[in-house]
Amino acid sequence: MSEGILLPVLERGTLLPEPARLARLDEALPQIRAAVEGETDEVALQSTLACLLWQTLAQANWCGFYRRVGERMLAVGPYQGGMGCLRIPFERGVCGACARTESRQLVPDVHAFPGHIACDDATRSELVLPVWNRSGRLIAVLDLDCPHGEGFCAGEADRLQGLLDGIFRAQD
Ligand code: SME
């Protein structure tokens, strides 16, 4: 088994300052793209992304996908971290808000987000991004949780959305 991508090793939970996080992500992204190049299977892609984004985003305590399994229902998919909720209706939580509105949810303080699902009491901030396929249908959300407040920034959101669009919108 490979070690994943080449990045300096950080202790889980380390929140680097924003510029350092962006530099680390910029170092990781081409390696992540190369690692999944040519793959079309959704589970293979989501599993590998959960693994490599977990390695990259050291600040995260949860990193993975909720897949759309009904018109307005998500079920947990490949992830890293502690056990997550199995199902999230579109009406609930940060993931539900992302799925419902098909827009990024950058939440610096989950306690200020009405209806946040407290899966892990330690979680303080989140970033949830929509995943569309080539037909423009929402097929999943990428959920990133962090035990620090303001654990994710707009620059990370932009870059990660670009990664997801490049991988999942490029196929059906
Ligand atoms: N981020 C979610 C809940 C956490 S998961 O179950 C790991 C939400 O509030 O939608």
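How much space lies in the largest cavity? About 50 Å³. This tour of a predicted model ends there. The ligand comes first.

**Stop 1: the ligand**

Select the ligand and show what surrounds it. The shell holds 13 residues. Tyr66, Val94, Cys95, Cys119 and Glu126 are the closest.

Now pick out the polar contacts one at a time.

- Tyr66: an N or O atom in the side chain of Tyr66 is 2.9 Å from an oxygen atom of the ligand.
- Val94: here the backbone takes part, with a polar atom 2.9 Å from an oxygen atom of the ligand.
- Glu126: a polar atom of this side chain lies 2.7 Å from a nitrogen atom of the ligand.

Next, turn on a surface. Taken alone, the ligand exposes 320 Å². The protein buries 98% of that area.

**Stop 2: the elements around the ligand**

Colour by secondary structure. Select strand S1 (62-70), helix H3 (93-101) and strand S6 (138-146). Each of these supplies at least two residues of the shell around the ligand. Which element gives the most to that shell? H3 does, with three residues.

Then colour the shell by residue class. Seven of its residues are nonpolar, three are polar and three are charged.

**Stop 3: the largest pocket**

Hide the ligand and look at the space it takes. That space is the largest pocket. About 200 Å³ of space lies in this pocket. The lining counts 19 residues. Select Ile117, Cys119, Glu126, Asp143 and Asp145, the closest of them to the pocket's centre. Two of these names are familiar from the first stop: Cys119 and Glu126 are also among the residues closest to the ligand.

The elements from the second stop return here. S1, H3 and S6 each supply at least two residues of the pocket lining. H3 again has the largest share, with three residues. By class, the lining of the largest pocket divides into nine nonpolar, six polar and four charged residues.

**Stop 4: the cavity**

Leave the pocket and move to the enclosed space. How many cavities of 30 Å³ or more are there? The count comes to one. Select its lining in three steps.

- Begin with Leu10, Thr14 and Leu16, which are part of the lining.
- Add Arg21, Arg24 and Leu25, also in the lining.
- Finish with Thr56, Leu57, Ala58, Gln59 and Glu156.

Now highlight helix H1 (residues 18-36). H1 gives the largest share of this lining, three residues. Colour by class once more. The cavity lining has five nonpolar, three polar and three charged residues.

**Last view**

Show both spaces together. The largest pocket holds about 200 Å³ of space, and the largest cavity about 50 Å³.

Key
Residues numbered from 1 in each chain as written. Predicted model: local features only at pLDDT ≥ 70, side-chain atom pairs only at ≥ 80, totals over all residues. Heavy atoms only, no water. Near = heavy atom within 4 Å. Polar contact = N/O pair within 3.5 Å; in protein donor to acceptor, adjacent residues only side chain to side chain. Areas by Shrake-Rupley, 256 points an atom, 1.4 Å probe, with all protein chains shown as cover. 1 Å grid on protein atoms, 1.4 Å probe; cavity = no way out; pocket = protein on both sides within 12 Å on 5 of 7 lines; lining within 4 Å. Sits in = over half its atoms within 2 Å of the grid points. Helix = DSSP H or I, 4+ residues; strand = E, 2+ residues; numbered from the N terminus. Nonpolar A, V, L, I, M, F, W, Y, C, P; charged D, E, K, R; others polar. Points joined across faces, edges and corners; volume = space filled by probe spheres on them.
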